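Trainee: I have a model open and a ligand in it. Can we go through the terms one by one?

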Amino acid sequence: MRIDVITIFPEYLAPARLSLLGKAGQAGIVQILVHDLRDWTSDKHRTVDGAPYGGGAGMVMKPGPWGQAIDSVVAAPADGSSLSEVATDQGGRATLVLPTASGKVFNQASAERLAQVEHLVFACGRYEGIDARVAEHYRDRLPVEELSVGDYVLAGGESAALVMIEAITRLIPGVLGNADSLTEESHVRPGLLEYPVYTKPPSWRGLEVPPVLLSGHHGKIAAWRREQEILRTERMRPDLINHTRSGTPPRPDQERGES
Ligand code: SAM
């Protein structure tokens, strides 16, 4: 997979070189390229923002530099070849992701869907956001996903992009050391959070590991974990468990929180 991130703060994406993502980059499984939006400005101040039409607080990101930047990176081949070798209208396989507080909420199903895409382009907004014509224009040319990481407002799209990139890329085969880690996690089975997990020592600060986990009895351990998943989901996320227990099973798209 190739991931391009366009931002006015390229240093913000430094964590993408660490940990699992860094290793996936070194192994050639995921290539992350970070671009400075200001490289596509044409004035001496490298201006990326302007006052909002209609008035109001703050500044809005100008469509011009975004158009130039996105045209360049969507045209690049997913294998990571040089941007300059390709004409700007030849792209087609890229999906444009616009992190925005006014988007659909990004969830595990979104991560699973985007993990299938060969080339993702993240456009990180700042100030009061990006001129709305950017999303409108690219919707006619590319798959465009306007996605929110939650019902709160961040200062910029970079941290949201990092969250989404991490959730997406850990689903790509070869990124996690042990692919079995993906099967029993929270949200992987719709409507359920993961059971509590423990490791050595068996007793810590007066708290004991549940005896069943030390019993070696696989059937009893599986039953206990299933019960704990339900109890934890009821306590932490009753909205999820109510969905699962309703009389008629939800459609798959409802189950995955996309309705
Ligand atoms: N005026 C905008 C609004 O009310 O939705 C908020 C702009 S915010 C200060 C600047 C940038 O942060 C946005 O363009 C977007 O890229 C990013 N952002 C803020 N909250 C976000 C969220 N919940 N999910 C994803 N991106 C977010």
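Mentor: Start with the elements around the ligand. Strand S5 (94-105), strand S7 (144-148) and helix H5 (157-169) each supply at least two residues of the shell. S5 gives the largest share, 3 residues. This is a predicted model: local features need pLDDT of at least 70, side-chain atom pairs count only at pLDDT 80 or more, and totals for chains, interfaces and linings use all residues. Residues are numbered from 1 along each chain as its sequence is written, and side-chain values use heavy atoms, with hydrogens and water left out.

Trainee: What makes S5 a strand and H5 a helix?

Mentor: Both are DSSP runs, numbered from the N terminus: helices are H or I with at least four residues, strands are E with at least two. S5 covers 94-105 and H5 covers 157-169.

Trainee: What makes a residue near the ligand, and how many surround the ligand?

Mentor: One of its heavy atoms must lie within 4 Å of the molecule. By that rule 19 residues surround the ligand, and the closest are Pro99, Glu128, Val149, Tyr152 and Leu154.

Trainee: How is the shell around the ligand divided by class?

Mentor: There are 10 nonpolar, 7 polar and 2 charged residues. Ala, Val, Leu, Ile, Met, Phe, Trp, Tyr, Cys and Pro count as nonpolar; Asp, Glu, Lys and Arg as charged; the others, Gly among them, as polar.

Trainee: Why is the pair between Val149 and the ligand called a polar contact?

Mentor: A polar contact is a pair of N or O atoms within 3.5 Å. A backbone N or O atom of Val149 lies 3.1 Å from a nitrogen atom of the ligand, so the pair qualifies. A polar side-chain atom of Ser148 lies 3.4 Å from a ligand nitrogen atom. Gly157 has a polar backbone atom 3.5 Å from an oxygen atom of the ligand.

Trainee: Which space does the ligand take?

Mentor: The largest pocket. A molecule sits in a pocket if more than half of its atoms lie within 2 Å of its grid points.

Trainee: What lines the largest pocket?

Mentor: S5, helix H4 (133-139), S7 and H5 each supply at least two lining residues. S5 gives the most, 5 residues. By class, the lining has 15 nonpolar, 8 polar and 4 charged residues.

Trainee: Which peptide bond is cis?

Mentor: The one that joins Lys200 and Pro201, with omega about 5 degrees. Pro201 lies in the loop between H5 and strand S8 (203-204).

How values were computed: Polar contact = N/O pair within 3.5 Å; in protein donor to acceptor, adjacent residues only side chain to side chain. 1 Å grid on protein atoms, 1.4 Å probe; cavity = no way out; pocket = protein on both sides within 12 Å on 5 of 7 lines; lining within 4 Å.
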